[in-house]
Amino acid sequence: MAKVIAVSNNKGGTAKTTTASTLAVCLAKAGKKVLAIDNDPQGHLSKCLGIEYPGEMDITLNTIMEKIISDEEVGEGEGIVPMKNGVDLMPTNLKYSGMELSLFSAMNRERVLKEYVDSIRPFYDYIIIDCQPTLGLLTINALTAADSVLVPVQAEKLAVDGLQQLIQAVGMVKRKLNHSLSIEGVLFTIVAERTRDAKEVMSMVKEAFDTNVHFYEKVIPASVKARECSGTGYSILDYDPDGKVAAAYESLTREVLSNVQ
């Protein structure tokens, strides 16, 4: 039965999609059966995992969600694309941007994605959901479907505000929709490790939250190679396998694997 991890931050530019895609690939390389769900209409996760033109896909997450809303049967494995890196992908594209409106009038509107995720849990070890950088209904659906939330945070001074908003949203979903939801961990990303400013910001963010929030020991360093490979369809593990970013994500994956709940 899969563990479902939503990768979310309502602030953009935090390497959220890079983290979701790379974690999925790392888990697959560790021998786990992994499904990555692109829950962002921009389709960046789909591109990162190798779908060059998501807009040309006939069946996407939008198709599946519409079927569930209409109480139509979803075929086993329908729309799931096996990728070259060992990850299965449920892709999306810009058509999904209209799903927010569809959900407003749907029965159990916060639980539509959960219905789909629960149906495919038995076939995977991990399901990774990449969320859009907002706290709208698509993200609420992801949090309702997930067991935990992994939060990528860029080491900058505005990080505290965004992190506080997300943690409040997680708390609301936990109280009202998903009592088992937890914070998987907070991951500092795009870190200029040798700069004093980055170290001060990370210290400030940690001090702003109680000890119930887990901060991963390993941070993801800033890297030209990571920026270069973004959206190419290649993981940083393939693009720069001996680099510091690949090593950092492999360390993160070991922590995730050790956190069995």
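This passage describes the sheet, the helices and one loop residue of a predicted model.

The sheet comes first. It is open and contains 7 strands, in the order β3-β4-β2-β5-β1-β6-β7. The pairing within this sheet is mixed. Two strands stand at the edges: β3, residues 81–82, and β7, residues 182–189. Each has a single partner strand, so one side of β3 and one side of β7 lack a neighbour in the sheet. Strands of a sheet pair through backbone hydrogen bonds, in either a parallel or an antiparallel sense.

Strand β1 covers residues 3–7. β1 runs parallel to β5, and 5 bridges join the two. β1 also runs parallel to β6, residues 148–154, through 3 bridges. Ile5 illustrates both pairings. In β5, its bridge partner is Ile128. In β6, Ser148 stands opposite Ile5. The burial of β1 is complete: 5 of its 5 residues are buried, so the strand is largely enclosed by the rest of the structure. In a regular strand the side chains alternate between the two faces of the sheet. In β1, both faces are covered. Lys3, Ile5 and Val7 are buried on one side, and Val4 and Ala6 are buried on the other.

Strand β2 spans residues 34–39. A set of 6 bridges joins β2 to β5, and these strands run parallel. Within this pairing, Ala36 has Ile128 of β5 as its bridge partner. Ile128 is thus a bridge partner of Ile5 in β1 and of Ala36 in β2. β2 also pairs in the parallel sense with β4, residues 88–90, over 3 bridges. There, Leu35 stands opposite Asp88. Of the 6 residues of β2, 6 are buried, so β2 is largely enclosed by the rest of the structure. Both of its faces are covered. One side carries Val34, Ala36 and Asp38; the other carries Leu35, Ile37 and Asn39.

Helix α1, residues 16–29, lies across five of the strands: β1, β2, β5, β6 and β7. Its direction is at about 170° to β5, which covers residues 126–131. α1 has 14 residues. From its first C-alpha to its last, α1 reaches 20 Å, close to the 20 Å expected at 1.5 Å a residue. Because 12 of its 14 residues are buried, α1 is largely enclosed by the rest of the structure. The buried residues of α1 include Lys16, Thr17, Leu23, Val25, Cys26 and Leu27. Gly31 follows α1 and has a positive phi, near 95°.

Helix α6, residues 137–145, is also buried: 9 of its 9 residues count as such, so the helix is largely enclosed by the rest of the structure. Among them are Leu137, Leu138, Ile140, Asn141 and Leu143. Helix α7 covers residues 159–176 and has 18 residues. Its end C-alpha atoms are 26 Å apart, which agrees with the 26 Å its residues should span at 1.5 Å a residue. The buried residues of α7 include Ala159, Val160, Leu163, Leu166, Val170 and Val173. These buried residues of α7 pack against α6, β6, β7 and α8, the last at residues 196–207.

Two further helices, α3 and α5, pack against each other. Two packed helices are described by the angle between their axes and the distance between the axes. For α3 and α5 (residues 112–120), the angle is about 105° and the axes are 9 Å apart. That makes α3 roughly perpendicular to α5. From α3, the contact is made by Leu61, Ile64, Met65, Ile68 and Ile69. From α5, Val112, Leu113, Glu115 and Tyr116 take part. The residues of this contact divide into 8 nonpolar, no polar and 1 charged.

The loop residue Gly50 lies between α2, residues 44–48, and α3, residues 61–69. With a relative accessibility of 36%, Gly50 counts as partly exposed. Beyond its neighbours within four places in sequence, Gly50 is in contact with Met83 and Gly233. Gly50 and Lys84 are 34 residues apart in sequence, while their C-alpha atoms are 7.8 Å apart in space.

Definitions and conventions:
Residues are numbered from 1 along each chain as its sequence is written. This is a predicted model: local features need pLDDT of at least 70, side-chain atom pairs count only at pLDDT 80 or more; totals for chains, interfaces and linings use all residues. Side-chain values use heavy atoms; hydrogens and water are left out. Two strands pair if DSSP finds at least two bridges between them. Helices (H or I, at least four residues) and strands (E, at least two) are DSSP runs, numbered from the N terminus. Contact means heavy atoms within 4.5 Å. Axes are lines fitted to C-alpha atoms, for helices over the stretch in contact, and angles run from 0 to 180 degrees between N-to-C directions. Buried means under 20% relative accessible area, exposed over 50%, partly exposed in between (1.4 Å probe, protein chains only). Angles under 35 degrees count as roughly parallel, over 145 as roughly antiparallel, 65 to 115 as roughly perpendicular and the rest as oblique. Ala, Val, Leu, Ile, Met, Phe, Trp, Tyr, Cys and Pro count as nonpolar, Asp, Glu, Lys and Arg as charged, and the others, Gly among them, as polar. The expected span of a helix is 1.5 Å times one less than its number of residues.
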